[in-house]
Amino acid sequence: MWLRRFLLALVVALLPWSAMAAEPSPAQASESVRSLLVKAQLSLTTDAANAKRLVSEAQALYDQALAKDLTSLAPQQATEIATRWADLDQALAANDVAAFAQQRALLWIDLLKASYGIVGQAIDTDKPEQALQWLPVREFRNATRFSRPNGDAARAIEQWKQAAYSAADARIALDADLLDTYQAKLNESLRTLRSAAQKGNRIQQAEAGAAIQGYFNILEPAYRGQYPDKADSALTNAQALREAALSNTNLETAITTFEGSLSGFRAAPLSPSEQVRRAGQLRRFLSLVPVEYERGVRNGQVTLDLEIQEATTFRNGAAAAFSDLESLLVEIDATKTQQVAGELRDLETMLTAAAQRTSVADPDAVQAKVDSITTTLASIMPAEWQKSSLEGDFDVIDSMLDQMENAVAGDQYDLAESARLEAYAVLESGPEARLIVFAPEYKAPIENLFWYGKDEFTGLAELIRQKAPLSDIRASRQALDKQLDLAQDALGGSSTPEAVATSAAVIVFREGLEAVLILASLLASLKIGEQRSYRKPIWIGAALAMVATALTWVLARGLINELIRRGDQEKIEAIVSLIAIGVLLLITNWFFHKVYWTGWMANFHAQKRRIIGGKAGLWLGLITLGFTSIYREGVETVLFLQALVLEASTQVVLGGVALGLGGTALVGVLVFGLQAKLPHKKMLIVTGVMIGAVLLIMVGNTVHIMQLVGWMPLHPIRSLEIPYWANMWLGFYATWEGIASQVAAAAFVIGSYVIAEHLQHRKTDVAVKRQSAPAK
């Protein structure tokens, strides 16, 4: 008996802990509330009692799992959500499904807005766990290749938690990700609203109207920051649109007015590289619309529904890209931008009418509409946007392969083959030239998978010819996707981290060795009597030079980072690399001249003698001498390393710097601490050869970058196959421009050395002849 009582008491005691363990996360509770309300909306027309029960269950779950936290962390949203529950009850009592749908949509978006605010506040107050707990209460953009978010908030917050990101970086990523997502959802809701209005679906229409207002409420702070004078009227227009969607009065006017408020607005600005990518997508996808449409229409009748669907998909892809660029285009020419937006809507209307068989436009009319859009875009797009976009080409290839799979799923193998050929044509006309040069190891596998295959996988062309099942085609498609992703990474990549770190170590060791030898030479004659005291100010100057070098590094990084934020990283890398190559050419040229060493060292010794011989400012002069002798090497090193940082990362370069400094410190200990007589000249010659190798690698990589950004022509040597490791480690690429530039750099250095040696020997011979000549 006592045992039963004990066990009962134990169970009662453990119940609270069990309840705590089972308590849902904010994301689970929010999604459950959303699901229950959707079910209630579906039940409302047929079973009002069940709908009321589901709403009560949803509210009880909200009160239990979310209300307390929201009241303390997001009180404004908590108050708004409380109002939503009351409005839902009124809609239930009136059996008004459309009003219920509106309040349900608003309640859900209020939860999204609350979560966004809580996560931002958690980042600002250094609470990463709270940020990660609430971030999943969110929505995502539709997963397409042509609609990508601007950042990854989850990864950024995780990195911030691990101290790999700053709080400021995490907040930027949060805003970029969620603002981009909710603006995309706003645009989707506008399309849904128009479609629902055309179909006469009043419930979907009312829900879309509420979603538009809700998403705009999330975006409103960003909108107010860009358009402070228009923000209040935009909020009014959003509310008017929601009311019009519910009442179905003056809806088109309300939509047009609200869209006018959004004109030119983008909540999360695109980076310059993303602008080029979106522009490439816009042009590519737009050009495919009439191609697909023409295949699906014959003699005024739709003959292939799949082709009309594909034309619509490409139009939507173009519209999504245009939406991302619209705010930037408005600044260039608002009138023409509005014209493009209107024509894209006209194009959508034509495709929708054809799909519904209400009106089938002639293919020439669709082509004319696309030509008009393309011409207008060409007149307002910056020249940079109208260049070929590598990433945009890969996006289109991926989309065409999706079309191929869809055709196979519909048992239309002729259309699948057409889509495969189009994808291959985009590859051939775009990325293939770079593939041959910069990533030749991927060319054969990609072509094999596009055509007849090799080894494990049969090629897509052969599978389509055999009318193979979709599962086999998907397996080869996945293998092709993998090769295309690797090729895209290789074409957009740079040297391996190991190669960059090695180059950094060589540069630092080479310049550090020269600094050590200069110091050793300056201090060598200051070993006797009073002169020993003169060594200290030289050491102080050298130490100050090290500090100044570190500050120069920080300033250089800040300046280059700012330039990158304002422009294209590859172009900045090309410019910095060109400067570094110029200085490297001078240094290697000077290095191999005995005049450089004798003249440079003699200059330092002359300065030292003048300073010691003077009476005023003796210490200041010696400090200045020590400083200038070392800081010159430091500035050169900082300049060289900036190009390497742009190739890899600061961490990789600093790893190489650490190795180079370690080697320099070892030599310094031997020279200054142990007074060892090392073979300085031989060491300098060896490191000089090494720095020459770094020069050739840098020349090859710089030509590669300049070809990527279009600053140099690209002529591949098709008969020459250079392995991938030679590209990454040695900067060797199979282009006439790259090989010729490296040969010219080597010829310059070696030629200058040969000429200098010849002049030196000639000078020596003349001196010997003068000494041996008999006196007159």
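**Exercise 1. Place alanine 208 in the model and describe its surroundings.**

Solution. Alanine 208 is found in helix H10, residues 202-226; helices (H or I, at least four residues) and strands (E, at least two) are DSSP runs, numbered from the N terminus. This is a predicted model, in which local features need pLDDT of at least 70, side-chain atom pairs count only at pLDDT 80 or more, and totals for chains, interfaces and linings use all residues. Residues are numbered from 1 along each chain as its sequence is written, and side-chain values use heavy atoms, with hydrogens and water left out.

Step 1, burial. The relative accessible area of alanine 208 is 7%, so the residue is buried. Buried means under 20% relative accessible area, exposed over 50%, and partly exposed in between (1.4 Å probe, protein chains only).

Step 2, contacts. Not counting residues up to four places away in sequence, alanine 208 touches Ser189, Thr192 and Leu193. Contact means heavy atoms within 4.5 Å.

Step 3, a distance. The C-alpha atoms of alanine 208 and alanine 245 are separated by 7.9 Å, and the two residues are 37 apart along the chain.

**Exercise 2. Work out how H6 packs against H11, and which residues meet.**

Solution. Step 1, geometry. Helix H6 (residues 97-124) and helix H11 (residues 231-247) pack at about 150°, and their axes are 9 Å apart. Axes are lines fitted to C-alpha atoms, for helices over the stretch in contact, and angles run from 0 to 180 degrees between N-to-C directions.

Step 2, class of angle. The angle makes H6 roughly antiparallel to H11. Angles under 35 degrees count as roughly parallel, over 145 as roughly antiparallel, 65 to 115 as roughly perpendicular and the rest as oblique.

Step 3, residues. On the H6 side the contact holds Ala98, Ala99, Gln102, Gln103 and Leu106, and on the H11 side Arg242, Ala245 and Leu246. Five of the residues in this contact are nonpolar, two polar and one charged. Here Ala, Val, Leu, Ile, Met, Phe, Trp, Tyr, Cys and Pro count as nonpolar, Asp, Glu, Lys and Arg as charged, and the others, Gly among them, as polar.

**Exercise 3. Do the same for H2 and H6.**

Solution. Step 1, geometry. Helix H2 (residues 26-44) and H6 pack at an angle of about 175°, with axes 10 Å apart. H2 is therefore roughly antiparallel to H6.

Step 2, residues. Residues of H2 in the contact include Ser30, Glu31, Arg34 and Leu37, and those of H6 include Phe100, Arg104, Trp108 and Leu111. By class, the contact of H2 with H6 has eleven nonpolar, two polar and three charged residues.

**Exercise 4. Is arginine 315 buried or exposed, and what does it contact?**

Solution. Step 1, place. Arginine 315 lies in helix H14, residues 305-332.

Step 2, burial. Arginine 315 has a relative accessible area of 3%, so it is buried.

Step 3, contacts. With neighbours within four places in sequence left aside, arginine 315 is in contact with Val289, Leu344, Arg345, Leu347, Glu348 and Leu351.

**Exercise 5. Locate glycine 280 and state its burial.**

Solution. Step 1, place. Glycine 280 is in helix H13, residues 272-296.

Step 2, burial. At a relative accessible area of 3%, glycine 280 is buried.

Step 3, a distance. The C-alpha atoms of glycine 280 and alanine 318 are 9.6 Å apart, and 38 residues separate the two along the chain.

**Exercise 6. Describe the two asparagines with positive phi.**

Solution. Step 1, asparagine 95. Phi of this residue is near 55°. Asparagine 95 sits in the loop between helix H5 (75-94) and H6, and is partly exposed, with a relative accessible area of 41%.

Step 2, asparagine 299. Phi is about 55°, although asparagine 299 is not a glycine. Asparagine 299 is in the loop between strand S1 (297-298) and strand S2 (301-302), and is exposed, with a relative accessible area of 74%.

**Exercise 7. Summarise the chain and its confidence.**

Solution. Step 1, make-up. The protein chain has 31 helices and four strands, and buried residues make up 49% of its 776 residues.

Step 2, confidence. The chain averages a pLDDT of 78, and 70% of the residues score at least 70; pLDDT is the predictor's confidence in each residue, from 0 to 100. Among the elements, helix H1 (residues 2-22) has the lowest mean pLDDT, 41, and H6 the highest, 95.

Step 3, weak stretches. Over residues 1-21 the pLDDT is below 50, and this stretch has zero contacts beyond near neighbours in sequence. Over residues 143-151 the pLDDT is also below 50, and this stretch has 31 contacts beyond near neighbours in sequence.
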